[in-house]
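Grab a pencil and work through these exercises with the structure open beside you. Each one has a task, followed by a solution in steps.

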Amino acid sequence: GTNSLSKAVELAEKNGITEIFLREGVYNEEGLQVTINFSLSIIGESREHCVVIGGLNINGNADNVSVNVSNLTIRDSKKRGVYGYNHCSVHLHNVSIENSGRQGVVVCDSKYNTMKNCNVSNSHLSGLAVSDGGLLTLVGNYTTIQNNCKSGRNDCYGIRRYDPSSSIHIVSNLTIEQICKNNGGGGNYDGNDNYEIIDLQEAMSFQLFNVNINRGGVYVAGSQRNTMSNCQVSNSKADGVFVQHGVVSMSNCQVSDSNKNGVFVSDRGVVTMTNCQVSVSKNNGVLVSDGKMTIDGDTTISGTQGDHHGLRTTTASSSIHIVSPLTTDKIFANHVRNKCLEMTINNNPLTNTIITAPAEIDTNESKVDQAIQKASNDPGDNTNENKYETESRETKTKETNDKKSEITTANNYKKYNLRF
């Protein structure tokens, strides 16, 4: 019909359009899901009066698809209200998801997802769920998940995490009790060992000095000029410090007993550690995936567990710089497992001489970057494929910079408005 979101999406994909504007009205998809498999922004004229009868099925195609949805209501989907999977990025802002036939919002095998000032209500099953290494960040004082689990099933919750590799992050000015209310089934959230919530720092930039964070971690998404000095971060249920597309300088900090990596740098993040100690991480001490780490001073890394490493890179676009005269021998002086003395890229060890670098981060391609490129025969990590939705299975996560537009598109995309 005239008010058809699915037809607008088809037209946008065909013509290379990356932004759809929906005027006030009802967009009746008869409860079916609208499939989106390319980067797109959908902007409603108003949350209260711009209503989609159906759901969104967002397939990342393992190709960094990013979908932004804002200022509308998604209602009466026969399946999930919003389903993001296969390495997509889903960003919901000022959106209501109501009366979904299954879960309200599901994130599966997709790590860069945010919900800001959104409401999820009256879902038949769980209100919000993450699985298969999914990561979803909840932001905004007006975010609520309430009155879900209408089926009454005790394995449904307001918020549910299906497996230990998945995470739900809640920005530090929010609490789980504030977000989740009056959910049926098993309750507001799954409180057993398969569920985690992490307090995050949300800021354009921050300075942490003499701060002790116990049973939590620090998460930086997109903000610049951040510093941590004389801080202790311990017993995080995920990564101790997670920097995604941001810049952090750490000095005289201790990161210990992290349930995942001690320090994880990803998505073009940049971190400098000086005189820091990273210890007893269940995964890697320092993991860099598409980012850059510089290590200086009397920094040590010890106590990495399992088949993991003290220092590890995973992609050809990752690099670790060790500032002379510091060496890996000094960094791992107290390490008890020889395997963890290795620094790897795609499981190919790099030698100490390759990772010695100048005292300043060079924006040009360094010897480290060249060595990493040479060492890697694999352009990236292509694991966890073919793990997505089938009808027979139950379901399986950036608030980056408030100065940016809430709805963004890549600079090289064409941008138009479709008005209905």
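**Exercise 1. The second largest cavity**

Task: What is the volume of the second largest cavity, and which strands each supply at least two residues of its lining?

Solution. Keep in mind that you're looking at a predicted model. Start with the volume: the second largest cavity comes out at about 40 Å³.

Next, find the wall. The lining is made of Val82, Tyr83, Gly84, Val90, Leu92, Val105, Val106, Val107, Asn113, Thr114, Met115 and Leu136. Now match those residues to strands: strand 6 (82-85), strand 7 (89-98), strand 8 (105-108) and strand 9 (114-116) each give at least two residues to the lining.

Last, sort the lining by chemistry. You should get 9 nonpolar residues, 3 polar ones and no charged ones.

**Exercise 2. From the cavity wall into the core**

Task: Which residues of the largest nonpolar core touch the most other members, and what does leucine 92 touch?

Solution. The largest nonpolar core has 45 residues, and those touching the most other members are Leu22, Ile36, Leu92, Met115, Leu128 and Leu138. A second, separate core has 30 residues, including Leu208, Val233, Val243 and Ile301.

Two of the names from the first core should ring a bell: Leu92 and Met115 also line the second largest cavity. Take leucine 92 and skip residues up to four places away in sequence. Leucine 92 then touches Val69, Val82, Ile97, Val105, Thr114, Met115, Lys116 and Cys118.

How does this fit the general picture? In soluble globular proteins, nonpolar side chains tend to be buried together.

**Exercise 3. Three asparagines in loops**

Task: Is each of these residues buried or partly exposed: asparagine 61, asparagine 86 and asparagine 122?

Solution. You need one cut-off here: buried means under 20% relative accessible area, and partly exposed runs from there up to 50%.

Step one is asparagine 61, in the loop between strand 4 (50-59) and strand 5 (66-75). Its relative accessible area is 38%, so asparagine 61 is partly exposed. Beyond its neighbours within four places in sequence, asparagine 61 contacts Asn37 and Asn86. Its side chain also reaches the backbone oxygen of asparagine 37, at 3.2 Å. Tyrosine 85 is 24 residues from asparagine 61 in sequence, with 8.4 Å between their C-alpha atoms.

Step two is asparagine 86, one of those contacts. Asparagine 86 sits in the loop between strand 6 and strand 7. With a relative accessible area of 10%, asparagine 86 is buried. Check its backbone too: phi is near 65 degrees, a positive value in a residue that isn't glycine.

Step three is asparagine 122, in the loop between strand 10 (119-121) and strand 11 (128-131). At 28% relative accessible area, asparagine 122 is partly exposed. Here phi is about 60 degrees, again positive in a non-glycine residue.

**Exercise 4. Buried strand residues**

Task: What is the relative accessible area of valine 265, and what is it for valine 248?

Solution. Begin with valine 265, which belongs to strand 26 (residues 263-266). Its relative accessible area is 0%, so valine 265 is buried. Apart from neighbours within four places in sequence, valine 265 is in contact with Val243, Val270, Val271, Leu287, Val288, Ser289, Gly291, Lys292 and Met293. One of these, lysine 292, is 27 residues away along the chain, yet the two C-alpha atoms are 7.1 Å apart.

Now do valine 248, in strand 24 (residues 247-251). At 3%, valine 248 is buried. With the neighbours within four places left out, valine 248 contacts Val220, Asn226, Met228, Val243, Val270, Val271 and Thr272. Methionine 228 is 20 residues from valine 248 along the chain, with 7.4 Å from C-alpha to C-alpha.

Compare the two lists: Val243 turns up for valine 265 and for valine 248. Val243 also belongs to the second core.

**Exercise 5. A special peptide bond**

Task: Which residues does the cis peptide bond with omega of about 15 degrees join?

Solution. The bond joins serine 324 and proline 325. To place it, look for proline 325 in the loop between strand 33 (319-323) and helix 3 (328-331).

Key
Residues are numbered from 1 along each chain as its sequence is written. This is a predicted model: local features need pLDDT of at least 70, side-chain atom pairs count only at pLDDT 80 or more; totals for chains, interfaces and linings use all residues. Side-chain values use heavy atoms; hydrogens and water are left out. On a 1 Å grid over the protein atoms alone, a cavity is a set of points where a 1.4 Å probe fits but cannot get out, and a pocket is an open set with protein on both sides within 12 Å along at least five of seven lines; lining residues have an atom within 4 Å of a point. Grid points are joined across faces, edges and corners, and a volume is the space filled by probe spheres set on the points. Helices (H or I, at least four residues) and strands (E, at least two) are DSSP runs, numbered from the N terminus. Ala, Val, Leu, Ile, Met, Phe, Trp, Tyr, Cys and Pro count as nonpolar, Asp, Glu, Lys and Arg as charged, and the others, Gly among them, as polar. Buried means under 20% relative accessible area, exposed over 50%, partly exposed in between (1.4 Å probe, protein chains only). Contact means heavy atoms within 4.5 Å. A polar contact is a pair of N or O atoms within 3.5 Å; within protein, one must be able to donate a hydrogen and the other to accept it, and residues adjacent in sequence count only if both atoms are side-chain atoms. A nonpolar core is a set of buried Ala, Val, Leu, Ile, Met, Phe, Trp, Tyr and Cys residues joined through side-chain atoms within 4.5 Å.
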